[in-house]
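Colleague: Before I rely on this for my own work, please take me through it one region at a time, with the terms explained as they come up.

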Amino acid sequence: MRRLGLLLSLALSVVHAQGTDFVVDNQGTVYFAPPYAILRGEEPPAPMRLFRLLNRVEVYATPPAHPTLATSVANPTVSADGLTLAYSNVFSVPGKYTGYIDHVEGVIEKTTPFSRLIIRREGMVGVSRNGRWALFTKTGRAESTGSTWIDFYTGQEYESAESGLPVSSIADDGSVAVTSPDGIRILTPGRPVRSFELKPGLTEGTFLSRDGSTLVLVQRSSASDTVVRRIDLESGMETTVSSQCFGCSPYALSADSTRLFLVTLSAPGNDLAEGHAAIQVLDLRDGSLSTLAILDKEPVRLTVSDDASSVWVATQNWGILHLDVNSGNVTEMLAETPSVSAGDMLIAPGAWCKLTGHAMAEGRVLLGTHEVAVRQRSATSMFVVINPDTPLGTASFEIENPRSPFRSVSNPIRVVPRYPRFIRLESLGETAPDWIGVPLVISESNGDLINPARPALPGEVLKVWLTGTGSDPSGLHWQYSDSPTGFEFQSTAILSIERFSGEPSWWVARYRVPDVVSTGNFLLRSEEPSVPDSNDLIWIPVARP
């Protein structure tokens, strides 16, 4: 039981790691299941739900609650006409075996001119693009394995004892590719199983043509070499197309299996700017590779319309784009939602804080309900100043992007009355490797920045910069060490400490370097009174006589 549950966990985690599960019908309606997305006006946490995008985003399906298991929605599929939709309710074990799948309930919603049919059965479920076939794959419990097809045209059901996980969409004849110990097997209702060996290399994509006549395997033989095998399932004849691209994944196959859509990322040797990606199409008949569009975002999932005239692209953080294959025009259907994470779990009012994430270049930044001042920002990081009036307690950062319907909420942090902490150059946006970990310390006499190339002088008075307004820094205890091990500290004293007029949350402590520093550098440590292990320390280089 546990092995099957873990296999399903792994399969679902691979899908989720690639980004949003999403499908599109021929009317352009998008169904997608972003992990733990929270709409504006909602409070976290929220389960992984199924959303529908048609002019606006709305919750389409919520997984049923369970008294002991965590629940989520995954693996949506939809027929081309949009009348048959399938998705899976996943029940997983929280706690020690987090991510282990206990069982899965497949749900099918089928609309006819006269009624709306809802089917619920055990197992992951998918539907064919023509809406004829539904496939339930049982897994999770040891006593429940195998697959069941439903033919909606005839009402007949077909059973298979095969227990492999589907790795392709369901063809119009009900065929599906599943994993097996010796390669790939093709299951078709009413037909014998067909098996195909995998060649050495990493298999990155397994596809069936819409009519079920052709198997396409995408295998990586090196970092930049991709081999695409196109196998006729009736004759067994195989053709191979090789292509060079960096990244390549994700992929999407045209319905007639003649074109493979893929992604090339920026890398040495190509003309793509850093952070950009090319949507390309590989013609499997002649091996030609064409570029359709250049994006300034990294795609994580692709899906193609039945006539191959449109490509829908899911980007990081639930962004969705539409690409017109004929014109190359790209339209944003859903803006990316910012993600944000705070490195410090304890932050004082008035302190500077570095936040990291994605899609952070725009939007108001809040800590709880209090807006914070942004000093520097880019798409992946920013430096903010916590409002001195921010109340103490637990809160989360949030970036409000007006173009996204979703909230971006960070990990919880605690706002505490901490004493000011040393400022380091990377917190001011300095990213040069030589400055990582270097504190903001300058010479009082000439304003030189103290660093390994310009060490402090014995007896020199330095200005040491700190940030935070949680507590009066005059109460800090100061210690000094020039021990080779750095662990033998002794009490020392600063000359003075006062607010910096140019930045209310900053402080300047004046400190005189000892006349004798035996090791060529020393550690200066501040410690909060009556708070064990609360010290903050910096390393200051000193010139030897």
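Modeller: Two strands count as paired if DSSP finds at least two bridges between them, where strands (E, at least two residues) and helices (H or I, at least four residues) are DSSP runs numbered from the N terminus. This is a predicted model, in which local features need pLDDT of at least 70 and side-chain atom pairs count only at pLDDT 80 or more, while totals for chains, interfaces and linings use all residues. Residues are numbered from 1 along each chain as its sequence is written, and side-chain values use heavy atoms, with hydrogens and water left out.

Colleague: How many helices and strands does the protein chain have?

Modeller: Counting the DSSP runs along the protein chain gives 1 helix and 48 strands.

What each residue exposes can be described as well: buried means under 20% relative accessible area, exposed means over 50%, and partly exposed lies in between (1.4 Å probe, protein chains only). Of the 545 residues in the protein chain, the buried share is 51%. To return to your question, the count for the protein chain is 1 helix and 48 strands.

Colleague: Which residue in the turn between strand 17 and strand 18 has a positive phi?

Modeller: Strand 17 (residues 202-208) runs antiparallel to strand 18, and 6 bridges join them, with F207 standing opposite V216 in strand 18. The two strands form a hairpin with 5 residues between them. In that turn, the residue with a positive phi, of about 80°, is G212.

Colleague: Are the faces of strand 18 covered or open, and which residues lie on them?

Modeller: Strand 18 (residues 214-220) is mostly covered, since 7 of its 7 residues are buried. It also pairs with strand 19 (residues 225-232) in the antiparallel sense over 7 bridges, and the bridge partner of L217 in strand 19 is R229. Both faces are covered, with T214, V216, V218 and R220 buried on one side and, on the other, L215, L217 and Q219.

Colleague: Which strands stand at the edges of the sheet with the order 14-15-16, and why is one side of each left without a neighbour?

Modeller: This is an open sheet of 3 strands with antiparallel pairing, in which strand 14 is joined to strand 15 (residues 183-187) by 5 bridges and A177 stands opposite I186. The twist from one strand to the next averages 30°, where axes are lines fitted to C-alpha atoms (for helices over the stretch in contact) and angles run from 0 to 180 degrees between N-to-C directions. Each edge strand has a single partner strand, so one side of each is left without a neighbour in the sheet, and these edges are strand 14 and strand 16 (194-196).

Colleague: Which residue's backbone oxygen lies 3.0 Å from a polar atom of the side chain of S180?

Modeller: S180 is in strand 14 (residues 176-180), and S180 counts as buried because its relative accessible area is 16%. A polar contact is a pair of N or O atoms within 3.5 Å, and within protein one must be able to donate a hydrogen and the other to accept it, while residues adjacent in sequence count only if both atoms are side-chain atoms. The backbone oxygen in question, 3.0 Å from a polar atom of the S180 side chain, belongs to G183.

Colleague: Which residues does T62 touch, not counting those up to four places away in sequence?

Modeller: T62 lies in the loop between strand 5 (56-61) and strand 6 (70-78), and T62 counts as partly exposed because its relative accessibility is 48%. The C-alpha atoms of T62 and R49 are separated by 5.0 Å, although these residues are 13 apart along the chain. With contact meaning heavy atoms within 4.5 Å, T62 touches P47, R49 and V73.

Colleague: Which residues have the most contacts inside the largest nonpolar core?

Modeller: A nonpolar core is a set of buried Ala, Val, Leu, Ile, Met, Phe, Trp, Tyr and Cys residues joined through side-chain atoms within 4.5 Å. The largest has 22 residues, and the strands that each supply at least two of them include strand 42 (461-467) and strand 48 (536-541). I540 touches, among others, L462, F522 and L524. The residues with the most contacts inside this core are V464, W478, F522, L524 and I540.
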